[in-house]
Amino acid sequence: QVQLVESGGGLVQAGGSLRLSCAASGGTFSYYPMGWFRQAPGKAREFVAGIHWAGASTYYADSVKGRFTISRDNAKKTVTLQMNSLKPEDTAVYYCAAAPSYSGTDTYPRTPQGYHYWGQGTQVTVSS
């Protein structure tokens with residue numbers, strides 16, 4: 001069992017930056033691919049970024065590519081999402097998630113169904 005807790009959300013003006021953190025406890029976090037998702041009101045949860053269990057590779061949704069950076073520190077059991085050049089359309093609740101079914105593999109899922117453990121989410125609001 002893995003518990004995930006996000007932090008770092010808030011209100012920021014367009015063009016600003018935020019850094020989200022996800023702290024994990026329990027389970028074998030170090031071998032799990034991790035992802036960040038977001039969900040805006042009335043919309044489906046969408047993939048934002050993913051990272052290989054060892055940090056060997058990353059993948060981003062086209063909408064955030066070049067603006068967001070995902071990273072992880074397995075020793076500290078944390079995953080971060082650095083968000084720069086924020087836009088009003090980035091407004092959503094952001095969730096981190098772990099994919100134990102892909103533990104230790106070189107792939108990571110890009111849909112919510114591939115992730116088993118989820119945090120409670122943190123609100124990001126970007127004003128225009």
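**View 1. S7 and S21 face each other where strands β1 and β3 meet.**
In this close-up, S7 has S21 of β3 as its bridge partner. The picture comes from a predicted model, as do all the views that follow. The two strands here, β1 and β3, run antiparallel and are joined by five bridges. Step back a little and you will find an open sheet of four strands, paired in the antiparallel sense and ordered β1-β3-β8-β7. Strands β1 (3–7) and β7 (68–73) stand at the edges with a single partner each, so one side of each has no neighbour in the sheet. On average, and ignoring direction, neighbouring strands of this sheet are turned by 15 degrees against each other.

**View 2. Strand β3 has a covered face and an uncovered face.**
Which residues of β3 lie on the covered face, and which on the uncovered one? L18, L20, C22 and A24 make up the covered face, while R19, S21, A23 and S25 make up the uncovered one. Now follow β3 towards its partner β8 (residues 78–83): the two run antiparallel, with six bridges between them. Two of these pairings are good landmarks. L18 has M83 of β8 as its bridge partner, and A23 has T78 of β8.

**View 3. A disulfide joins C22 to C96.**
How many disulfides does the model contain? The count is one, and here the two sulfur atoms are 2.0 Å apart. C22 belongs to strand β3 (residues 18–25) and C96 to strand β9 (residues 92–98), so the link connects distant parts of the chain, 74 residues apart. The torsion about the S-S bond is about 45 degrees, which means that this disulfide is right-handed. Are these two cysteines buried or exposed? Both C22 and C96 are buried.

**View 4. Strands β4 and β5 form a hairpin.**
Six residues lie between β4 and β5, and in the turn you can find G42, which has a positive phi of about 75 degrees. The two strands run antiparallel, joined by five bridges. To get your bearings, look for W36, which stands opposite A49 in β5. Strand β4 is largely enclosed by the rest of the structure, because five of its six residues are buried.

**View 5. Strand β9 pairs with β4, β10 and β11.**
Start with β4, which is joined to β9 by six bridges, the two strands running antiparallel. Along this pairing, G35 has A97 of β9 as its bridge partner, and Q39 stands opposite V93 in β9. Next comes β11, which runs antiparallel to β9 and is joined to it by three bridges. Here V93 appears again, with Q123 of β11 as its bridge partner. Strand β10 (residues 117–118) also pairs with β9 in the antiparallel sense, over two bridges. In that pairing, W118 of β10 is the bridge partner of A97. Why is β9 described as largely enclosed by the rest of the structure? Six of its seven residues are buried, so that description fits.

**View 6. The largest nonpolar core has 30 residues.**
The residues with the most contacts inside this core are L4, M34, W36, L81, M83 and Y94. Several strands give two or more residues to the core: β3, β4 (34–39), β5 (46–51), β7, β8, β9 and β11 (122–127). Zoom in on L81 to see some of this packing. Leaving aside neighbours within four places in sequence, L81 is in contact with L18, R19, L20, W36, V48, A49, F68, T69, I70 and Y94. There is also a second, separate core of six residues, which includes F47, A99, Y108 and Y115.

**View 7. R67 is buried in a loop.**
Where does R67 lie? You will find R67 in the loop between β6 (58–60) and β7. With a relative accessible area of 11%, R67 falls under the 20% limit and so counts as buried. The R67 side chain reaches the backbone oxygen of S63 at 2.8 Å. Setting aside residues up to four places away in sequence, R67 touches Q82, M83, N84, S85, L86, K87 and D90. One of these, M83, is also the bridge partner of L18.

Technical notes
Residues numbered from 1 in each chain as written. Predicted model: local features only at pLDDT ≥ 70, side-chain atom pairs only at ≥ 80, totals over all residues. Heavy atoms only, no water. Disulfide = S-S within 2.5 Å. Buried < 20%, exposed > 50% of the residue type's maximum accessible area, 1.4 Å probe, protein only. Pairing = 2+ DSSP bridges. Axes fitted to C-alpha atoms, helices over the stretch in contact; angles between N-to-C directions. Polar contact = N/O pair within 3.5 Å; in protein donor to acceptor, adjacent residues only side chain to side chain. Contact = heavy atoms within 4.5 Å. Core = buried A, V, L, I, M, F, W, Y, C linked by side-chain atoms within 4.5 Å.
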